[in-house]
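Work through the exercises below with the sequence and the model open. Try each task before reading its solution.

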Amino acid sequence: MGADELHALLVHTLGNLTLSGDNPKLSNHPFRRKQEILDSSALRMNQEIAGRERWGRAEILDRAAGLADRAVRLWPGPVPGTLPGDDEWSGWKELRAALLAMPAGTWTTYGDVAALIGTHAVPVGQHLASKAGLHGAYRVLTADGRVSAGSRWPDGQESGDARTRLEAEGVPFDDTGRARRSHRLTSADLAALLGKETAEEAVPSPQTEDEQLSAADRFEAQLRDNQTKETAEGVLGALRFWEQQGGHLAYGRASETSCSLMVRFGGTTDTRDLWPLGIYPVSGTVEVVFQYLKRRPPFDDEPLRRELMTRMNGIEGIDLAEAKLDLRPSFPVEVFAVHSEEICAVLEWFAHTAALSKARRTLDEDPGTL
């Protein structure tokens, strides 16, 4: 093998590479000259090269073997048996991705994970039990928020129990050992974390005036049929207040007719809908839609979303988990029965913040509006 061929074969290999801020000085000088330059380097790897008598094929291969051995000791590979094969079911890959995406301070259930990946809670539990080393597996609890009796850490990797770990991350437990529901991630939350749902998919679609009136009647009927009189009056009073603030209402098309409190925002060239709450009259939940607010000014500014959460959490009966600031945490609709006025105060702040942002954007786009 000629010198040129040998050079081309070894020049860019591990044994012939190093770090240096002196590339212009090193240039293509003979090895003796490079030795003098590298000898003054602060990097031990360069001093090692400078200490060689010669620099040829044997020295390059010897250094490559030494560096590879050192790398293996510093960064050991995965534990045997933990890497999935190419034929692994895609659902288990999605499960791992969901566990990795879950923020600290949240938990989910075997059923929620099963709904996400398209299987049943039992095989999910069996899979997690057989793969105890999966990142975040301790965040998957039973349907009532308890740590499964079969939950365990990989040998030698953790100490203590899953509840202690979850409490350290910010998940509260009650006296009976159940995790607080406000910190639970549903299958929809997990899907959102994986980017399986875009914000636009959940935007209430436009309706004709007749459709709007019909949907409003359905919503009120469902609300009165499924909630107490006090709750229904509190919700309806808040909706009237919202419209007095310049907002409007949009209703869902599903069998449970949801109601979203909408307000226009933007400037003269970009006007879109913004909404803080979605009310579900049958299931009795109220979603605070941070997931969509984070994509829309001015609430794409995290401090504003955090202030909205703080104001909502200041109302008795509302406990939105901070870990769900980018998702859709919910609270019971019954809160409206006693605290409708306090919720209206938060809605007034929200509408004022959106209106102020719209005025600023309009002024920026068209200063002549002054």
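**Exercise 1. Surroundings of H7**

Which elements do the buried residues of H7 pack against?

Solution. Note that this is a predicted model. Start with the count: 6 of the 8 residues of H7 are buried, and the helix is mostly covered. Next, list the buried residues: Tyr-110, Asp-112, Val-113, Ala-114, Leu-116 and Ile-117. Then look for their partners. They pack against H6, strand S1 (108-109), helix H8 (121-130), strand S2 (140-141) and helix H10 (187-193). Finally, check what comes after the helix. H7 is followed by Gly-118, which has a positive phi, near 85°.

**Exercise 2. Geometry of a helix pair**

Describe how H6 and H7 pack, and classify their angle.

Solution. Take the angle and distance first. Helix H6 (residues 90-101) and helix H7 (residues 110-117) pack at about 125°, and their axes are 9 Å apart. Angles of 65 to 115 degrees count as roughly perpendicular and those over 145 as roughly antiparallel. H6 is therefore oblique to H7. Now the handedness: the crossing of H6 past H7 is right-handed. Then the contact itself. H6 contributes Gly-91, Trp-92, Glu-94, Leu-95 and Ala-98, while H7 contributes Val-113, Leu-116 and Ile-117. Sort these residues by type: 6 are nonpolar, 1 is polar and 1 is charged.

**Exercise 3. Two cores**

Which residues touch the most other members of the largest nonpolar core?

Solution. The core has 48 residues. Leu-239, Ile-279, Leu-308, Phe-331, Phe-336 and Phe-350 touch the most other members. Ask next where the core residues come from. H15 supplies the largest share, 10 residues. Now follow Phe-350. Leaving out residues up to four places away in sequence, Phe-350 touches Trp-242, Val-263, Leu-274, Trp-275, Pro-276, Leu-293, Phe-299 and Leu-308. Another core, of 20 residues, lies apart from the largest one; among its members are Trp-92, Val-124, Leu-128 and Ala-191.

**Exercise 4. Buried or partly exposed?**

Assign Ser-340 and Leu-61 to an accessibility class.

Solution. Locate Ser-340 first: it is in helix H15 (residues 335-365). Its relative accessible area is 13%, so Ser-340 is buried. Beyond neighbours within four places in sequence, Ser-340 is in contact with Gly-234, Ala-238 and Val-335. Turn to Leu-61, in helix H5 (residues 57-74). Leu-61 counts as partly exposed because its relative accessibility is 39%. As a last step, compare sequence and space. Leu-61 and Leu-14 are 47 residues apart in sequence, with 8.6 Å between their C-alpha atoms.

Note on methods: Residues are numbered from 1 along each chain as its sequence is written. This is a predicted model: local features need pLDDT of at least 70, side-chain atom pairs count only at pLDDT 80 or more; totals for chains, interfaces and linings use all residues. Side-chain values use heavy atoms; hydrogens and water are left out. Axes are lines fitted to C-alpha atoms, for helices over the stretch in contact, and angles run from 0 to 180 degrees between N-to-C directions. Helices (H or I, at least four residues) and strands (E, at least two) are DSSP runs, numbered from the N terminus. Angles under 35 degrees count as roughly parallel, over 145 as roughly antiparallel, 65 to 115 as roughly perpendicular and the rest as oblique. A crossing is left-handed if the near helix is turned anticlockwise from the far one by less than a right angle, and right-handed if clockwise. Contact means heavy atoms within 4.5 Å. Ala, Val, Leu, Ile, Met, Phe, Trp, Tyr, Cys and Pro count as nonpolar, Asp, Glu, Lys and Arg as charged, and the others, Gly among them, as polar. Buried means under 20% relative accessible area, exposed over 50%, partly exposed in between (1.4 Å probe, protein chains only). A nonpolar core is a set of buried Ala, Val, Leu, Ile, Met, Phe, Trp, Tyr and Cys residues joined through side-chain atoms within 4.5 Å.
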